[in-house]
Amino acid sequence: KNNIVVVHVVPSVKFALKAESVGCDAIVGEGFEAGGHNGADEITTFCLIPQLADALKIPVIAAGGISDGRGILAALALGAEGVQLGTRFAVTEESSAHPNYKKRVIEAKDNDTILVLKKIGAARMIKNEFTKSVYREELNGADESRLKSLLGEKRERLGIFEGDEENGMMEAGQGAGLIKNIPTVKELMKSLTGEYDNALETFQD
């Protein structure tokens with residue numbers, strides 16, 4: 001009624017078509033590489049975005065595992081009209097995330113995130129003592145009630161904003177392995193556009 005632009009995050013074509021049918025102006029297609037909560041179908045960004053682009057009339061914004069200009073170019077090549085970068089912007093000077101969170105992301109290698117809590121809403125985060133305990137419980141067949149008990153309340157705040165490196169949820173995408181510094185947002189934007197231009201030139205040459 002108020003002409004507000006609505007952009008909905010979706011993990012699959014099914015949910016994207018539903019979002020389009022009820023009037024969303026655009027969708028963010030988030031692949032399984034993304035930090036935080038993910039879709040149950042486990043579709044990766046590389047596979048999800050072109051299928052969304054083929055199926056929808058509204059714009060598609062790509063998210064999940066994009067951390068530099070090369071990733072932006074790849075997303076556009078797959079049919080996206082824009083990108084959403086979460087973890088990369090969380091690790092900037094202006095970000096309200098705790099310094100311990102930013103440090104852990106910078107230290108992360110390619111395999112330092114894990115997906116846990118699948119029965120109550122899969123979430124990807126940096127590996128720590130909390131994720132180890134949840135992973136062990138899941139292997140042993142923990143039910144939803146037990147997992148909710150382990151999760152407790154405000155676990156994300158404990159990790160991301162209060163900086164508890166071992167007991168908090170430090171949500172981050174697999175692109176964390178590409179993040180090596182804490183720039184200002186201005187510096188990051190300049191870096192992203194430069195990386196994008198350089199990547200594009202390699203194809204034009």
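A residue counts as partly exposed when its relative accessible area lies between the limit for buried, under 20%, and the limit for exposed, over 50%. Glu107 has a relative accessible area of 45%, so Glu107 is partly exposed. The model discussed here is predicted. The points below cover the chain as a whole, then helix H3 and its packing against helix H9, and then Glu107.

**Whole chain**

- The secondary structure consists of nine helices and seven strands.
- The radius of gyration is 18 Å, which agrees with the value near 17 Å that a compact globule of 205 residues would have.
- Along the principal axes, the C-alpha atoms fill a box of roughly 50 × 40 × 35 Å.
- Buried residues make up 43% of the 205 residues in the chain.
- Among contacts with a sequence separation of 6 or more, 58% join residues that are 24 or more positions apart.

**Helix H3 and its surroundings**

- In H3, the buried residues are Gly69, Gly71, Ile72, Leu73 and Ala75.
- These buried residues of H3 pack against two helices, H2 (45–55) and H9, and against two strands, E4 (60–63) and E5 (82–84).
- Gly79, just after H3, has a positive phi of about 115 degrees.

**Crossing of H3 and H9**

- Two packed helices are described by the angle between their axes and the distance between the axes.
- For H3 (residues 69–77) and H9 (residues 185–204), the axes come within 7 Å and cross at roughly 60 degrees.
- This angle makes H3 oblique to H9.
- The handedness of the H3 and H9 crossing is right-handed.
- On the H3 side, the contact is made by Gly69, Arg70, Ile72, Leu73 and Leu76.
- On the H9 side, Leu192, Glu195, Tyr196, Ala199, Leu200 and Phe203 make the contact.
- By type, the residues of the contact of H3 with H9 are eight nonpolar, one polar and two charged.
- Gly69, Ile72 and Leu73 of H3 take part in the contact with H9, and Gly69, Ile72 and Leu73 are also listed as buried.
- An α-helix has 3.6 residues a turn, so residues three or four places apart point the same way.

**Glu107**

- Glu107 lies in helix H5, which covers residues 99–107.
- From Glu107 to Lys186 the C-alpha to C-alpha distance is 22 Å, and the two residues are 79 residues apart in sequence.

Definitions and conventions:
Residues numbered from 1 in each chain as written. Predicted model: local features only at pLDDT ≥ 70, side-chain atom pairs only at ≥ 80, totals over all residues. Heavy atoms only, no water. Axes fitted to C-alpha atoms, helices over the stretch in contact; angles between N-to-C directions. Helix = DSSP H or I, 4+ residues; strand = E, 2+ residues; numbered from the N terminus. Parallel < 35°, antiparallel > 145°, perpendicular 65-115°, else oblique. Left-handed = near helix turned anticlockwise from the far one by under 90°. Contact = heavy atoms within 4.5 Å. Nonpolar A, V, L, I, M, F, W, Y, C, P; charged D, E, K, R; others polar. Rg over C-alpha atoms; globule rule 2.2 N^0.38 Å. Buried < 20%, exposed > 50% of the residue type's maximum accessible area, 1.4 Å probe, protein only.
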